[in-house]
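Visitor: Please show me the model, and I will ask how its labels are justified.

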Amino acid sequence: MEQVRTSKKEAAIETLPSIYSLQLDELKTWLKENNEKAFRADQIFEWLYKQRVTSFEDMSNLSKSLRQLLADNFTITTLKTIIEQTSSDGTIKFLFELHDGYSIETVLMRHEYGNSVCVTTQVGCRIGCTFCASTLGGLKRNLEAGEIVAQVVKVQQALDQTDERVSSVVIMGIGEPFDNFNNMLSFLKIINHDQALNIGARHITVSTSGIVPKIYEFADQNMQINFAVSLHAPNTELRSRLMPINRAYKLPQLMEAIRYYVEKTGRRVSFEYGLFGNVNDQVEHAEELAKLVKGIKCHVNLIPVNYVPERDYVRTPKDQIFLFEKTLKNHGVNVTIRREQGSDIDAACGQLRAKERQEETR
Ligand code: SF4
């Protein structure tokens, strides 16, 4: 594991609105309102997302006065790298500072099929899942769309040094994306836009803990984005113990919303199922889970959970993981065990941020 506490000279973070929050059309409208030609927006997008400059000053085909106008109204520098941790398997975890001093995590994962970025959507989280370090300090604030976009741009800038590309994005970092719904949708549209980062919808995955009304809203958007639900329990009683969100939106309601999503979009859903030793990892749980998802076009991802220092959960032994998988397979369920990445760095969501916070308060 290699950890670099960045001393790179990065511009100070400004508090102006992030230019990355704007859709191309919104930027065109803004330019027209400021007596500039709309086509300048195409040039600005080219500088932001293809050239990936870090200053308006570098946008050399824009007039000096337009560059100044942009600099007076927007910022490009929404994130500052504080820590960059590289795992022996190539996973890189970034800790970024925001303009108000809060910090967020973003992870670059290396797969055979390409480079995937896991983004954060909120500073902290109010959902309170009992296995998660990110929720310990509660929710501080939502991220602006531009602050989420900037995470992908920052990772892409790091990959530019080796001529590589971000090929997929997962919205599974800190926060509940459906609790910051509009900014999340804006983010999706921007990274998907062919004049921006041009990441195909089928290469983007959003994951929710189960905010039921938003699942209906998301289904009605009819986007081709991959959809995942953190399930973690095969019955409502156990789920309420692991995830307090289940007290507000019970498992039967959640499954009904998921059925609506699958019917409306024709797409399959992924169920994330964290395995917690002696809690939800027994054969009877697998049997119950198979019954629960029967008839739904779906895939189950089993996630052997990393030990989280602030919580009591222990890992499921390997044999038990395979037995759980086999039981699901015997019932005809599509299932995989997620490959662990970055286990020698603080890879469980929120761990790096939590550690940094502890160091700050020492
Ligand atoms: S697992 Fe996700 S939704 Fe649950 S508390 Fe953690 S960040 Fe929030």
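Guide: Helix 6 and helix 9 are roughly parallel to each other. The model is predicted, so local features need pLDDT of at least 70 and side-chain atom pairs count only at pLDDT 80 or more, while totals for chains, interfaces and linings use all residues. Residues are numbered from 1 along each chain as its sequence is written.

Visitor: Why are helix 6 and helix 9 called roughly parallel?

Guide: The axes of helix 6 (residues 212-221) and helix 9 (residues 251-265) cross at roughly 0° and come within 9 Å. Angles under 35 degrees count as roughly parallel, therefore helix 6 and helix 9 get that label.

Visitor: Which residues of helix 6 meet helix 9?

Guide: Val212, Ile215, Tyr216, Ala219 and Asp220 do, and their partners in helix 9 include Leu254, Ala257 and Tyr261. Contact requires C-beta atoms, placed from the backbone, within 7 Å.

Visitor: What makes asparagine 35 exposed?

Guide: A residue is exposed if 12 or fewer other C-beta atoms lie within 10 Å of its own, buried if 20 or more do, and partly exposed in between. Asparagine 35 has 7 such neighbours, so asparagine 35 counts as exposed. Asparagine 35 is found in the loop between helix 1 (24-33) and helix 2 (40-51), and has a positive phi of about 60° although it is not a glycine.

Visitor: Why is arginine 52 called partly exposed?

Guide: Arginine 52 has 15 other C-beta atoms within 10 Å, so arginine 52 is partly exposed. Arginine 52 lies in the loop between helix 2 and helix 3 (64-73), and its phi is also positive, about 55°.

Technical notes:
Helix = DSSP H or I, 4+ residues; strand = E, 2+ residues; numbered from the N terminus. Axes fitted to C-alpha atoms, helices over the stretch in contact; angles between N-to-C directions. Parallel < 35°, antiparallel > 145°, perpendicular 65-115°, else oblique. Contact = placed C-beta atoms within 7 Å.
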